[in-house]
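Please work through the following exercises with the sequence and the three-dimensional view open beside you. Try each task before you read its solution.

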Amino acid sequence: MDESIVSDAGSGGESTPRTVHFVSLGCPKNRVDSEVMLGGALQKGYRHVDEASDAEVIVVNTCGFIESAKKESIETILEMAELKKSGRCKKLVVSGCLSQRYPGELSESLPEVDHFLGSSDMPKLSAVLDGERTRMLVGQPKDWVVSAEDPRMLSTRGASAYVKIAEGCNRSCSFCVIPKMRGKQRSRTIDDIVREVERLVSMGVLEVNLISQDTIAYGRDLGDGTSLEKLVQRVAEVRGLHWLRIFYLYPETITDGLIELLDSHPVVLPYVDMPLQHAADGMLRRMKRGHGGKRLYSLVEKLRARVRDLTFRTAFIVGHPGETEQEFAELCDFVRFAEFDRVGVFRYSDEEDCEARNFADKVRPIESYQRHRKLMALQREISRKKNRALVGRELEVLVEGPSEESELVLVGRHGGQAPEIDGVVFLSLGDPRPGTIVKARIEKATDYDLLGVLDEDGEVIEGAAREPSLRAPALVIKASDGRRVLRTL
Ligand code: SF4
């Protein structure tokens, strides 16, 4: 058996294994950390249980990005702490960004918690399970990054996996606290990432999603010429990988080589996820983004011209201190011009340790609320138009499994739909196996989702001979950044 990607079937041998339950909050990067901790727990003989009330050990991997995420993390910890009274829970462990950010405060105000781990302390969970008694295990500096050798249990549906290629960020955007929680950028080597992808593919994964905080800067800290372009080239050559998607590109110059890969490599999806945050010069300056709006216009033009069938996802912040009506109007103009396929819109909130908190000219909550609504409405029109343009087309769809609404309807995604953040394709007819890629004709479109009908012969493109070997545990996943909240089954 592969040592690094762990299966939970039968772990613990003949004796009754001890039980663990995970709640993973926040972004996919946190989710990878949860999967690594879960993998470590399974290697220790623990069995993952779907219900928190059945678990002897509960781990809450927290998010501390914005106010609402912090609130959700605390509420979840308190909810889980109740199970020390009414359930089987003997140990409550809190890990991740929130405990990294507020170790002292949390330790004082949450006596129910048995152990605190930070954002770089995932490997320490094994010691906790072995009986480590130290309560405060939040480490400094924040220097850990996942490696191919780390045990990991996937929690994603179907045949999809996230691969974290680097940790931390070296930039200093005014509104962002991530560098303080996650530390300076540290990239994995290409060889290590390729090893992990090969293992994932050997277990039935068809789609790999590369993630980090600042993916375009991948490799720079290694100082040996490693670059995102070289990484993508190597990973895309892993035999058996069908889709490769890149997340979180900072709006810098994308090399011609990378554009070429996005446009024409059969495995690299023509999908760009690039959070732009704003488009007005004044705002970008205040946000300390290091570029003006002009660059964004030309970047969008260039990508649209050179990447066929491009799906462009971005995110913006409205209501950042100093944002004027004029600047917001400029942002709307830009969104009309760019016609992004998908846009996430976030309302600015003051965060401790962020420069923007000390800025004057705060935008009133009612104004930021209205701007959020207005931008969302504007984008909804664009998304609908884009989705409708797909009606009648035949697309490859990665089948994920039964929909959350009905077991009778299967859901999947085409290459332009990223897992968990974009819409889905509902497959109304046929019985394709989850974890395979099929061809479907798109019959209908709503604002975000599509309805597809399998091709007459229901042709399976990939994975037909392969029983999906990854049983995703019911890790409770809650996305705190405005994205979907779901429970992975
Ligand atoms: S690049 Fe992203 S992670 Fe880094 S500081 Fe800016 S917003 Fe935060």
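The exercises below concern a predicted model, and each task is followed by a solution in steps.

**Exercise 1. The overall picture**

Task: State how many helices and strands the protein has, and what share of its residues count as buried.

Solution: Begin with the secondary structure, where the protein shows 13 helices and 22 strands. Next turn to accessibility: of the 489 residues of the protein, 58% count as buried. Finally consider the contacts between residues with a separation of 6 or more, of which 74% are accounted for by residues 24 or more positions apart.

**Exercise 2. The surroundings of the ligand**

Task: Find which residues surround the ligand, and work out how they divide into nonpolar, polar and charged.

Solution: First collect the residues around the ligand, which are C169, R171, C173, F175, C176, I178, P179, Y250 and R289. Then sort this shell by type, which gives 7 nonpolar residues, no polar ones and 2 charged ones. As a last step, look at the space that the ligand takes, which is the largest cavity.

**Exercise 3. Asp121 and its partners**

Task: Locate D121, decide whether D121 is buried or exposed, and identify which backbone nitrogens lie by a polar atom of its side chain.

Solution: Start with the position along the chain, where D121 belongs to the loop between strand 5 (115-117) and helix 5 (125-130). The relative accessibility of D121 is 3%, so D121 counts as buried, the cut-off for this class being under 20%. Now examine the side chain, in which a polar atom of D121 lies 2.5 Å from the backbone nitrogen of G118, while the backbone nitrogen of G139 lies 3.0 Å from a polar atom of the D121 side chain. To complete the picture, leave aside the neighbours within four places in sequence, and D121 is found in contact with Q100, L137, V138 and G139.

**Exercise 4. Backbone features in loops**

Task: Determine which residues are joined by a cis peptide bond, and describe the phi values of E339 and D353.

Solution: The cis peptide bond joins Q140 and P141, with an omega of about -5°, and P141 is placed in the loop between strand 6 (136-137) and strand 7 (160-164). Go on to E339, which is not a glycine and yet has a positive phi of about 45°; E339 sits in the loop between helix 12 (325-338) and strand 14 (342-347). With a relative accessibility of 27%, E339 counts as partly exposed. Then take D353, likewise a residue other than glycine with a positive phi, here near 70°, in the loop between strand 14 and helix 13 (365-388). D353 is partly exposed, because its relative accessible area is 47%.

**Exercise 5. Residues far apart along the chain**

Task: For Q326, K385 and Q277, give the C-alpha distance to a residue that is remote in sequence, and add where each of the three is placed.

Solution: Q326 lies in helix 12, and its relative accessible area of 53% means that Q326 is exposed. Between Q326 and A280, 46 residues apart in sequence, the C-alpha distance is 8.8 Å.

The second residue, K385, belongs to helix 13 and is partly exposed, with a relative accessible area of 48%. Its C-alpha atom is separated by 9.2 Å from that of A445, 60 residues apart from K385 along the chain.

The third residue, Q277, is found in the loop between strand 12 (268-273) and helix 10 (281-286), and at 11% relative accessibility Q277 counts as buried. The C-alpha atoms of Q277 and V318, 41 residues apart in sequence, are 8.2 Å apart in space. Not counting residues up to four places away in sequence, Q277 touches F175, M287, R289, A315, F316 and I317, and of these F175 and R289 are also among the residues that surround the ligand.

**Exercise 6. Ser403 between two strands**

Task: Say where S403 is placed, whether S403 is buried or exposed, and which residues S403 is in contact with.

Solution: The loop between strand 15 (394-402) and strand 16 (410-414) holds S403. Since its relative accessible area is 8%, S403 is buried. Once the neighbours within four places in sequence are left aside, the contacts of S403 are with V409, L410, V411 and F426.

How values were computed
Residues are numbered from 1 along each chain as its sequence is written. This is a predicted model: local features need pLDDT of at least 70, side-chain atom pairs count only at pLDDT 80 or more; totals for chains, interfaces and linings use all residues. Side-chain values use heavy atoms; hydrogens and water are left out. Helices (H or I, at least four residues) and strands (E, at least two) are DSSP runs, numbered from the N terminus. Buried means under 20% relative accessible area, exposed over 50%, partly exposed in between (1.4 Å probe, protein chains only). A polar contact is a pair of N or O atoms within 3.5 Å; within protein, one must be able to donate a hydrogen and the other to accept it, and residues adjacent in sequence count only if both atoms are side-chain atoms. Contact means heavy atoms within 4.5 Å. A residue is near a molecule or strand if one of its heavy atoms lies within 4 Å of it. On a 1 Å grid over the protein atoms alone, a cavity is a set of points where a 1.4 Å probe fits but cannot get out, and a pocket is an open set with protein on both sides within 12 Å along at least five of seven lines; lining residues have an atom within 4 Å of a point. A molecule sits in a cavity or pocket if more than half of its atoms lie within 2 Å of its grid points. Ala, Val, Leu, Ile, Met, Phe, Trp, Tyr, Cys and Pro count as nonpolar, Asp, Glu, Lys and Arg as charged, and the others, Gly among them, as polar.
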